[in-house]
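Please open the model in your viewer and keep the sequence panel visible. The tour below proceeds by selection, with a short account of what each selection contains.

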Amino acid sequence: MQQMISMPAVSIIIPTYNLERYIGEFFASLLSQTFQDFELIVIDDCSKDRTVEIIENYSRRFTQIQLIKRQKNFGYASTIRNVFATHANGKYILNADGDDILLPDALENLFDAAEKFDADFVCTDGYFLLDEPRKDEIKLKMCKGNHIESPTLEILDISEKIRRFRDDEVIKF
């Protein structure tokens with residue numbers, strides 16, 4: 001008799017590049033979630049620091065982590081998400097960054113909201129915890145381009161339709 005593999009409720013996709021300083025905190029916040037029905041797809045974009053080593057340590061301990069190591073640098077996180085979203089098996093995709101920190105009930109709240117309201121797309125507010133010199137740089141980036149920030153939960157079917165945007169394009173509905 002063949003064993004049936006269950007599909008995770010959420011596929012989390014994160015691109016990484018030289019995030020050794022932050023990736024441990026991301027994993028700690030993710031793995032302490034109250035909602036654990038997820039897979040994590042990490043796409044490393046040719047990091048030159050210890051990012052891959054840290055991810056590999058976590059992936060040995062947690063089976064829901066899949067690491068994909070790029071052979072050539074893409075350079076754009078949105079491009080990486082777009083290309084590798086095809087690896088997602090969940091009903092929903094959560095786009096996050098390797099330097100994000102999720103509150104312990106973040107996945108549960110996002111998933112519950114999507115299910116309760118039959119939503120195709122659920123966004124959250126976020127906070128930037130920055131060193132003082134980078135604040136103006138972040139404000140400038142927020143004023144132009146992509147206004148769909150991560151973490152964002154979207155249903156896999158709609159992900160196909162909206163994931164083809166680039167950071168410098170305006171999305172019109």
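The stops below go from the whole chain to single strands, helices and loop residues.

**Whole chain**

Begin with the entire protein chain, bearing in mind that the model is predicted. Colour by secondary structure: the chain holds six helices and six strands. Read from the N terminus, these elements follow the order β-α-β-α-β-α-β-α-β-α-β-α. Of the 173 residues, 41% count as buried. If a surface is displayed, the exposed area is about 11100 Å², and carbon and sulfur atoms supply 53% of that area. A contact map is also informative here: among contacts between residues at least 6 apart in sequence, 80% join residues at least 24 apart.

**Strand β1**

Next, select residues 10-16, which form strand β1. How many of its seven residues are buried? The count is seven of seven, and the strand is thus described as mostly covered. Show the side chains and look at both faces. V10, I12, I14 and T16 point one way, whereas S11, I13 and P15 point the other way, and all of them are buried. This pattern can be set beside a general rule: in a regular strand, side chains alternate between the two faces of the sheet.

**The neighbours of β1**

Add residues 38-44, strand β2, to the selection; seven bridges join β2 to β1, and the two strands run parallel. To find one point of register, label P15, which stands opposite I43 in β2. Then trace the connection: from β1 the chain passes through helix α1 (residues 23-31) to β2, in a β-α-β crossover that is right-handed.

Strand β4, residues 92-95, is another partner of β1. These two strands also run parallel, joined by four bridges. Label I12 and L94 to see a pair of bridge partners, the latter in β4.

**Helix α2**

Select residues 51-61, helix α2, and highlight T51, V52, I54, I55 and Y58, its buried residues. Why do they lie on the same side of α2? Around the axis they cover an arc of only 160°, which places them on the same side. Their cover includes β1, α1, β2 and β3 (65-69). Turn to the other side of α2, where R60 and R61 are exposed.

**Helix α4**

Move to residues 106-116, helix α4. Its buried residues are A106, L107, L110, F111 and A114. Viewed down the axis of α4, these residues fall within an arc of 120°, so they line one face of the helix. The spacing can be read with a general rule in mind: an α-helix has 3.6 residues a turn, so residues three or four places apart point the same way.

**Three loop residues**

Select D100 in the loop between β4 and α4. Is this residue buried or exposed? At 15% relative accessibility, D100 counts as buried, the limit for that class being under 20%. Its side chain reaches the backbone nitrogen of D97 at 2.8 Å.

Then go to N18, located in the loop between β1 and α1. N18 is not a glycine, yet its phi is positive, at about 50°. With 29% relative accessibility, N18 counts as partly exposed.

Finish at D118, in the loop between α4 and β5 (121-123). Its phi is likewise positive, near 50°, in a residue other than glycine. D118 counts as exposed, at 67% relative accessibility.

Methods
Residues are numbered from 1 along each chain as its sequence is written. This is a predicted model: local features need pLDDT of at least 70, side-chain atom pairs count only at pLDDT 80 or more; totals for chains, interfaces and linings use all residues. Side-chain values use heavy atoms; hydrogens and water are left out. Buried means under 20% relative accessible area, exposed over 50%, partly exposed in between (1.4 Å probe, protein chains only). A polar contact is a pair of N or O atoms within 3.5 Å; within protein, one must be able to donate a hydrogen and the other to accept it, and residues adjacent in sequence count only if both atoms are side-chain atoms. Contact means heavy atoms within 4.5 Å. Accessible areas come from the Shrake-Rupley method with a 1.4 Å probe; for residues, only the protein chains shown count as cover. Two strands pair if DSSP finds at least two bridges between them. A crossover is right-handed if, with the strands pointing away from the viewer, the path from the first strand over the helix to the second runs clockwise. The arc is that of the directions from the helix axis to the C-beta atoms.
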